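Please open the structure in your viewer and keep the sequence panel beside it. The tour below moves from one selection to the next and says what is there.

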Amino acid sequence: MENTSIHILAIESSCDDTSAAVLKNFKRLSNVVATQKIHEAYGGVVPELASRAHQQNIVPVVDQALKVAALKASDIDAIAFTRGPGLMGSLLVGTSFAKSLAMGLDIPLIEVNHMQGHVLAHFIESPEQPSKTPPSFPFIALTISGGHTQLILVKDFFDMEVLGETLDDAVGEAFDKSAKILGFPYPGGPLIDRFAQEGNPNAFDFPIPKVKDLNFSFSGLKTSILYFIQRETAKNSSFIEENKADICASIQGTIVKILMQKVKKAVAQTGVKEIAIGGGVSANSGIREALATASKKYGWTVHIPAFEYCTDNAAMIGVVGYLKYLVNDFTNQKVTAKARYLIK
Ligand code: KG4
Ligand code: ZN
């Protein structure tokens, strides 16, 4: 499969990270990410500002990715880009840039589904982790981030079946919205995780939603946390400050329970015990601990990519690009961005 060296330049701009990467086959030569700080002031991603920042960042980020890889644009064999899903204004920047560059260099253009990128990020060969083994097929992928919550049965590189997804908020949003209720700055997920380490997850009870099949729902949890905090702070204005660790541990514990319940159900339904997680929320210590416990208890094999490949990044788009290159799966100059783009 890897007799020749193929260099892919990959571009990711689906949300609020502008990223470019260069891969030599599965190997990451560079992976540059410009994270847009501007959204912090607004408590969430502002689409209009995101597209503007992508426009500012894209040329320097691509330039840097080539420099770090020590390659020239003329060394690149194909350009891969995120076609969707994501914010339309953000996707348009990466899509238009990729199309123009591919045309200018007269090389093939490869369109990539961002969610396939998250799943196949496990196959990036990283110089920092040379002996890391990727998941073997079939495996169950759990993609958890600020924008996504999806359980996917991965039978092969391009044979994926969505088993379930969120019906409302993504799990990262559940963390961030809960954090906002507690008065934490955006994004509050990592702060909840930090305070939770000192707290008791059973201190407060939040309801586990009853959602059919392998789908998720997090909006009810957010509402119950809001009412709970309103009720308690009306009685004691220092309630949050005095119980911060326990509140955070209880919120995190509930979210982890919701996720684990569905992963267990997916394992039971498919008989597959190979689990691969991805997305920014895979940094969460509660979910990591729960998966480690389950792997011992139930004999699961759990894969967690390096954090750099969990959050949005172009290296994961490059891996999909490389795999598509091998089967001549190219697109053309008529391709357009797709805000809603399902995994087939
Ligand atoms: O993948 P990501 O960087 O961006 C996208 O959403 O695409 O994920 C960011 C999300 C945010 O919601 C953030 O609060 C959450 O991941 N997050 C965490 C942790 N680290 C990041 N949530 C809980 N615990 C963490 N340690
Ligand atoms: Zn993502």
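Begin by selecting ligand 1 together with G147, where an oxygen atom of the ligand lies 3.1 Å from a polar backbone atom of that residue. Then add G280, which has a polar backbone atom 2.9 Å from an oxygen atom of ligand 1; a polar contact here is a pair of N or O atoms within 3.5 Å. The protein covers 87% of the 550 Å² of accessible area that ligand 1 has on its own, as computed by the Shrake-Rupley method with a 1.4 Å probe.

Before moving on, note that this is a predicted model, in which local features need pLDDT of at least 70 and side-chain atom pairs count only at pLDDT 80 or more, while totals for chains, interfaces and linings use all residues. Residues are numbered from 1 along each chain as written, chains are lettered from A and ligands numbered from 1 in the order in which they are written, and side-chain values use heavy atoms, with hydrogens and water left out.

Next, select the zinc ion (ligand 2), which is coordinated by H114 (NE2), H118 (NE2), H148 (NE2) and D312 (OD) at 2.1 to 2.3 Å, donors being N, O and S atoms within 2.8 Å of the metal, or 3.2 Å for Na, K and Ca. H148 sits in the loop between β6 (139-144) and β7 (149-156) and D312 in the loop between α9 (307-310) and α10 (315-326), so the pair ties together parts that are 164 residues apart in sequence; helices (H or I, at least four residues) and strands (E, at least two) are DSSP runs numbered from the N terminus.

Finally, colour H148 and D312 by accessibility: are they buried or exposed? Both H148 and D312 are buried, that is, under 20% relative accessible area, whereas exposed means over 50% and partly exposed lies in between (1.4 Å probe, protein chains only).

Terms used:
Polar contact = N/O pair within 3.5 Å; in protein donor to acceptor, adjacent residues only side chain to side chain.
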